[in-house]
Amino acid sequence: MTEDHRFLLLGALEVRRAGVVLPVTSGKLRVLLATLLLSPGRTVPVEGIIERLWGPEASPSARATVHVYALRLRRLLGDGSLIETMPDGYVLAVGQSQVDVGTFADLVEKAKSADARTAAELLTLALELWRGPALADVPSDSIQRTVVPRLAEARLQAEERRAELLIELGRHDEVIVAMSALVDDNPLRERLWSLLMLALWRAGRKADALATYQRARHLLIDELGVEPGENLQRLHESILKDGTLAKGIPSSPVRPAQLPRNTALFAGRHSVAENVLELLAGEKTPIVLLSGAPGVGKRALAVHIAHRAKLRYPDGQLFVDLHGHSTSPPVTDSLVFSRFLHSLGVPKERLPADLEDQTNLYRSLLAERRMLVVLDNARRPEQVRRLLPGQSGCAVIVTSRDELRGIAALDDGRQIFLEPLSAEESHSLIMDMLGSDRVQHEPDATADLIRLCAGLPLALRIAAANLQARPRQKVGHFVSELRRGLLDRLRVPGDDHVAVKAAFDLSYARLKPGPARLFRLLSQAPGVDISVPAAAALLGQNTDHAAEMLDTLAAANMITVVCAGRFRLHNLLLEYAAALAADDPDVQTGAVRILNFYLATAEAAIQRLFPGERRLSISGQTAGDRIEFKDDAAAWKWLDDERINFGDAAHRAAGHDLKHYSWQMADITHLYFATRGHATEALVVCDAALIEAREAHDTCVESYVLDFVGSIYFRTSNYPMAERHHTRALELARLNEDEHCQARCLRHLGRVNAQLGRSDVALRIHQEALELAMRSGSITEQVSNMNYIGLAHQSAGELDQAIEWHERAMRLSIDLDDAALRCRAHNGLGLAAWHQGDLPTAMTHHRAAIDLAVSVGDRHLQAASMIGLADAFGTAGKHEQASSQATAAIRLETGERRIEIRATEIITTARRMLGNGLGLIEDYEQALRQAQEVGFRYGQISILIELATVCRLHAKPEQALLHITEALTLIREAGIHVLEQRATTDLAHHRSSTPTSNDLEPRCDAST
């Protein structure tokens, strides 16, 4: 899990996972990791990474090398999801709180709004994070030149501010110790000398303070030829006169200061707060609208920002709770004006009686002032509009559960929607309230608590407060209690207003019947979010009506807009909606309607994209409203948008007595999942289908679903699991005498055996599968097996026979008008031509295969075709193009490790041929280990041959001999004779006393 990782940059770079240090021995990987960590959660362009790694000396293959390093870093971190590939770069998916630089900045920021004692403690914690010079072991000129000085300056500023606070608190001795060390390291920084002198003076050491000034003066004259600055000279004069330094400015007349207390435990929202502060700094009268769901922390954020901004508004701050969502009645306009005008110095007896006069007087008084007005808990635009200043100079912050779009439309208000806190921000809040010892002692339970609270600050604070009241209770035990009744337990006993459910009740009570009905029904929607057509099915209404109801709920912040046309409830509101729906007779009907909608629409999409795909006979036709797709792009988009929801739908169906539902869902969607590479979501659907099939003792369906599962594991290069599931599926298919299913299972078993290096077994299995397919009359199965038989002959080095089989497959696939099968035939013919040295023909076939793969949306086929083209480019000496194709294959992120391994090998070989010899052995060895992990025999052999070449060129003959000997052994064991000539040629080079020019020639590789 990403929360397990902690990254340290304030010193030597260090990575810890669950408290264990993960060594990052490669200098280049340290540079890449540091570059990503300096922008956590944000995309770092590849160009920026290249600049950090190599500067202006970057080679043409640098971009491809970055992708290889990213793969290696993913493996090192032990969590592939940490580093996300974006169209123009990479994102390290960690929060600022997981990086010590972020923690340091967070503590320094908190100190700005805290009292002196708390601020000093926060800065002490921040400075304790430093273990030495930042990024000390990161070998990047760019980082050392630009980033390190900035961090060092931030550290010194924090030291200076801490010293000021400690002097204010009378802790002079601590300042003397700290500043004495710092002036030695930074002798030209006058502020440090000033603080040291002041601390000495306040500690009663006047002579030492004066001596310190002389020391500083002589140093500045010797080093820079200048006298000390004005501030240092004035301090010196004050000490000589033994005067008293001014500690402040004369008091000013009383100004309104109505802001509530700013909590010292404010967590997260840093980017939002900075955005609002930026808006408040504008020349016009800024009006900021903070909206969000109940309990999301709108008031706390508004108060926090107001405290940070108040110095910009010297004439004071006004605050009012408008009770827009409250058990108390809303505050009237007259009452608000009466309070505000009295605060502005208007005696009660002079307050106008007329509302219009009150408004004019209020605006007239504000026109002479720079003030900050905070209007909390507004419900209607009318509540806010009268209280807006009429001229520039003031600022307004409004909070509301509603969006108040009218203020944005007519009054130039800037809407800012507050999302729930991230996991990292939630963790920070819990740790602040419970203490690090308690949280770190139960990290898993704390993570569960954070998930249950859905990032709502109100829920998190209530949970933490209840745990504070029970210091001996385990967090895990408290979480178990929450699971037995989440909303009932997220309250503070004895204070009815401090409860999550109470906050929700206030918003729900103000919904009209239509939106309230949809809100209840949304508890029955499967998955993580919902579209307008799905909501229409849930309601049993048309999409226009559903869109209107969703928009109303979104405006009230009872649901969240995910993106255009998609909405979601966080889990606390979902539980609240489910509780409301418990006694609603419409719920069961709505649940069945939406489940049928998902199944019927999925079927419509699959029929559009894969019209010839054979379905399970048990499935039949689905019932329910469905979307009819006008083109393939629309069908693909719907499937991509809804894929996470399919699994939940399959599991929910059992609770609504929908027989065969999960089988049908698995049968309909498995080809989509296989084509797109969504293994996790596919396994969830198949899991539901297997449960239902086994409960019904239906071995026919079970055999098909087991075969689906095996294909998913094959796509992720988990060949042992794939073999296990295909074998069991074949056993059941034989018991059922289902020849079609047997042919499928055999075909899939054959390709697994081919990857595991059992070429002769694979050939026999595909021949048997072809016979069954011919008996069952499945032309599709016949063509698929013909292609695999061709690949088996290629692996054995029998290229003429291979071409015959691929050409047969091509002719039939053209007759079928099946683009995916034509793609596979092109790939097979391209590989065979490449092995024969016919590179133009090979490139032509692979380019055709790529186009077809793109047309059918199959990322796996596209990636495999790109690897084939990359191999052909490499053999032709076009190494930059080879590297580019292999990199593009990686960026498709199919999850197929076999593709990543081959791509890494090709990119590394391209670097070698382009003269970039840095880290070649290390990169080949990393790819070899991955090939060994998944049992990818072809990949192992090919990489061993490349390793032998590199070792020989690096004068490591013993290692070269070991690698080539191992490659030849594997070739003979696996029967992959197509690589034998490469290996024996390399062995001959090894035996030659002098390397020949052939050593520098590109090699023939192969892709399966």
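Which residue in β2 is the bridge partner of His 5? Select Arg 17 to see the partner of His 5.

Before moving on, know what you are viewing. This is a predicted model, where local features need pLDDT of at least 70, side-chain atom pairs count only at pLDDT 80 or more, and totals for chains, interfaces and linings use all residues. Residues are numbered from 1 along each chain as its sequence is written, and side-chain values use heavy atoms, with hydrogens and water left out.

**Stop 1: the sheet.** Select β1, β2 and β3 (strands are DSSP E runs of at least two residues, numbered from the N terminus). They form an open sheet in the order β1-β2-β3, with antiparallel pairing (at least two DSSP bridges between two strands). β1 (5-8) and β3 (20-22) stand at the edges with a single partner strand each, so one side of each has no neighbour in the sheet. β1 and β2 (residues 14-17) are joined by 4 bridges.

**Stop 2: helix α11.** Select residues 270-280 (helices are DSSP H or I runs of at least four residues). Val 272, Ala 273, Val 276, Leu 277, Leu 279 and Leu 280 are buried (under 20% relative accessible area, 1.4 Å probe, protein chains only). They cover an arc of only 160 degrees around the axis (taken from the directions from the axis to the C-beta atoms), which puts them on the same side of α11. Now colour Ser 271 and Glu 278: they are exposed (over 50%), on the face turned away from the buried side.

**Stop 3: the cover.** Show β7 (287-292) and α12 (298-309). Both are among the elements that cover the buried residues of α11.

Notes
Contact = heavy atoms within 4.5 Å.
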